[in-house]
Amino acid sequence: HTLSKAPYTGGAALIAYSDTVFRPDVIETMVESTADVVYAVDSRWECRYDSRTEEDISVAETIKPGELSSSYKTQVEFTGLIYLNSEAAKQVFQQDIFPTSSDLIGLLHYLESYRFSIKSCDVAGRWAEFNAPGDIARFILGTKAETLARLASKVKQSKIGRQLMITCQQWADDPSKVVKEVKKTFNGHPIVIRSSSKSEDGWKSSLAGGFESVLNVDSKNFKEIRRSISFVIESYGENSGAEDQVLVQEFLSDVSMSGVVFTCSLETGAPYYRFNFDDKTGSTDSITSGKIADSRTVIVSRFETKALKAVEPGLVPVLRAIKELEKLLCFDKLDIEFA
């Protein structure tokens with residue numbers, strides 16, 4: 001019923017539930033379609049995120065094989081996202097016989113009965129629904145490079161520095177073009193060239209530290225950049241794919257403290273923040289590489305975080321940044337590098 005009250009401009013229209021988000025390329029694909037009506041489904045719906053409950057799966061809106069011109073051989077989840085070209089939109093918004101008692105799947109059947117061409121678009125997990133924290137976190141978190149890029153404009157309690165993401169495919173196609181882009185982006189500032197493999201930061205396991213990174217690279221030196229990127233990609237081994245990535249970031253100097261925070265106990269998931277850090281060497285990778293023998297560890301209960309100020313006041317702003325990330329992600333099982 002609320003859809004029938006929506007303002008209509010007279011052109012094409014996108015319809016979506018208010019508690020869903022989608023990747024931009026999903027929208028672009030649907031709008032560029034030649035069909036009158038395009039609706040988005042998810043073929044990965046039952047395993048889109050870890051720990052999706054049987055109850056949530058049972059109440060999901062689904063479309064059966066062959067229904068609504070669907071070519072899928074198995075049941076898929078309807079995401080609620082629909083694109084209507086101008087003619088289909090007019091039929092929906094300007095007709096008195098608008099099916100106000102129907103749901104959106106019913107609306108699709110209604111349009112099908114009027115001989116509009118209908119096509120489905122498989123978003124294959126490239127969306128999220130706000131009814132489950134795990135779904136939101138999965139949507140935001142990606143590779144190291146993707147996660148940082150998605151969070152960079154959102155964080156206020158921390159700073160995510162300038163960065164450039166390169167795919168292995170881009171490197172294979174034109175290494176010289178990539179190096180020129182690196183030089184242009186960082187304009188002489190020292191850089192670090194880091195691994196950002198698709199297999200590095202997963203939900204089930206982590207390969208953190210399993211691949212190479214090169215620190216303090218001269219961003220004016222064409223050969224040094226090229227050699228460093230090749231070195232990182234080669235560390236991925238034979239299983240690397242075209243979509244694996246390399247992350248280029250500004251190199252930090254004059255570092256007083258760096259380390260890693262786990263937002264719960266790794267062994268049990270117990271509610272403790274664990275800070276492993278180095279406040280002696282000025283290195284940014286002594287903790288992540290395991291190079292330092294006398295690093296410091298501070299463990300603080302999530303329910304008594306005020307105690308941190310007495311133990312190590314330098315970690316208080318780090319904790320503020322971590323809490324902001326947990327709130328943005330709606331997720332509290334994180335592994336965060338800081339400096």
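Buried here means under 20% relative accessible area. By that cut-off helix H6 is mostly covered, with six of its eight residues buried. This is a predicted model, so keep that in mind throughout.

**Two covered helices**

The buried set in H6 is made up of Lys 144, Ala 145, Glu 146, Thr 147, Leu 148 and Leu 151. These residues pack against quite a list of partners: helix H5, strands E8 (163-167), E9 (191-196) and E11 (245-250), and helix H12.

H5 tells a similar story. It is largely enclosed by the rest of the structure, because six of its eight residues are buried. Those are Asp 135, Ile 136, Ala 137, Arg 138, Phe 139 and Ile 140. Their cover includes strand E2 (20-22), strand E7 (127-129), H6 and H12.

**A pocket lined in part by H5 and H6**

Both helices turn up again around the second largest pocket, which holds about 260 Å³ of space. Its lining consists of Val 21, Arg 23, Ala 128, Phe 130, Ile 136, Phe 139, Ile 140, Arg 150, Leu 151, Lys 154 and Leu 328. The elements that supply two or more of these residues are H5 (133-140) and H6 (144-151). H5 makes the largest contribution, with three residues. As for chemistry, the lining splits into eight nonpolar residues, three charged ones and no polar ones.

**Nonpolar cores**

The largest nonpolar core has 25 residues, and the ones with the most contacts inside it are Phe 275, Phe 277, Leu 315, Val 318, Ile 322 and Phe 338. Elements giving two or more residues to this core are H5, strand E13 (272-278), strand E14 (296-301), H12 (316-329) and strand E15 (335-338). H12 gives the most, with five residues. A second core, separate from that one, has 24 residues, including Leu 3, Leu 68, Phe 78 and Phe 116.

Back in the largest core, what does Leu 315 touch, leaving out residues up to four places away in sequence? The answer is Met 257, Phe 275, Phe 277, Val 298, Leu 308 and Phe 338.

**Thr 79, a buried threonine**

Thr 79 sits in strand E5 (residues 76-84). Its relative accessible area is 1%, so it counts as buried. A polar atom of the Thr 79 side chain lies 2.9 Å from the backbone oxygen of Ala 40. The backbone nitrogen of Leu 81 is 3.3 Å from a polar atom of that side chain. Not counting residues up to four places away in sequence, Thr 79 touches Tyr 17, Thr 20, Phe 22, Ala 40, Val 41, Asp 42, Val 123 and Trp 127.

**Two positive phi angles**

Most residues other than glycine have a negative phi. Two non-glycine residues here have a positive one, and they are worth a look in the viewer: Ala 124 and Asn 216.

| Residue | Phi | Relative accessible area |
|---|---|---|
| Ala 124 | about 45° | 22% |
| Asn 216 | about 55° | 46% |

Where do they sit? Ala 124 is found in the loop between strand E6 (118-122) and E7, whereas Asn 216 is found in strand E10 (residues 214-217). At 22% relative accessible area Ala 124 is partly exposed, and Asn 216, at 46%, is partly exposed as well.

Note on methods
Residues are numbered from 1 along each chain as its sequence is written. This is a predicted model: local features need pLDDT of at least 70, side-chain atom pairs count only at pLDDT 80 or more; totals for chains, interfaces and linings use all residues. Side-chain values use heavy atoms; hydrogens and water are left out. Helices (H or I, at least four residues) and strands (E, at least two) are DSSP runs, numbered from the N terminus. Buried means under 20% relative accessible area, exposed over 50%, partly exposed in between (1.4 Å probe, protein chains only). A polar contact is a pair of N or O atoms within 3.5 Å; within protein, one must be able to donate a hydrogen and the other to accept it, and residues adjacent in sequence count only if both atoms are side-chain atoms. Contact means heavy atoms within 4.5 Å. On a 1 Å grid over the protein atoms alone, a cavity is a set of points where a 1.4 Å probe fits but cannot get out, and a pocket is an open set with protein on both sides within 12 Å along at least five of seven lines; lining residues have an atom within 4 Å of a point. Grid points are joined across faces, edges and corners, and a volume is the space filled by probe spheres set on the points. Ala, Val, Leu, Ile, Met, Phe, Trp, Tyr, Cys and Pro count as nonpolar, Asp, Glu, Lys and Arg as charged, and the others, Gly among them, as polar. A nonpolar core is a set of buried Ala, Val, Leu, Ile, Met, Phe, Trp, Tyr and Cys residues joined through side-chain atoms within 4.5 Å.
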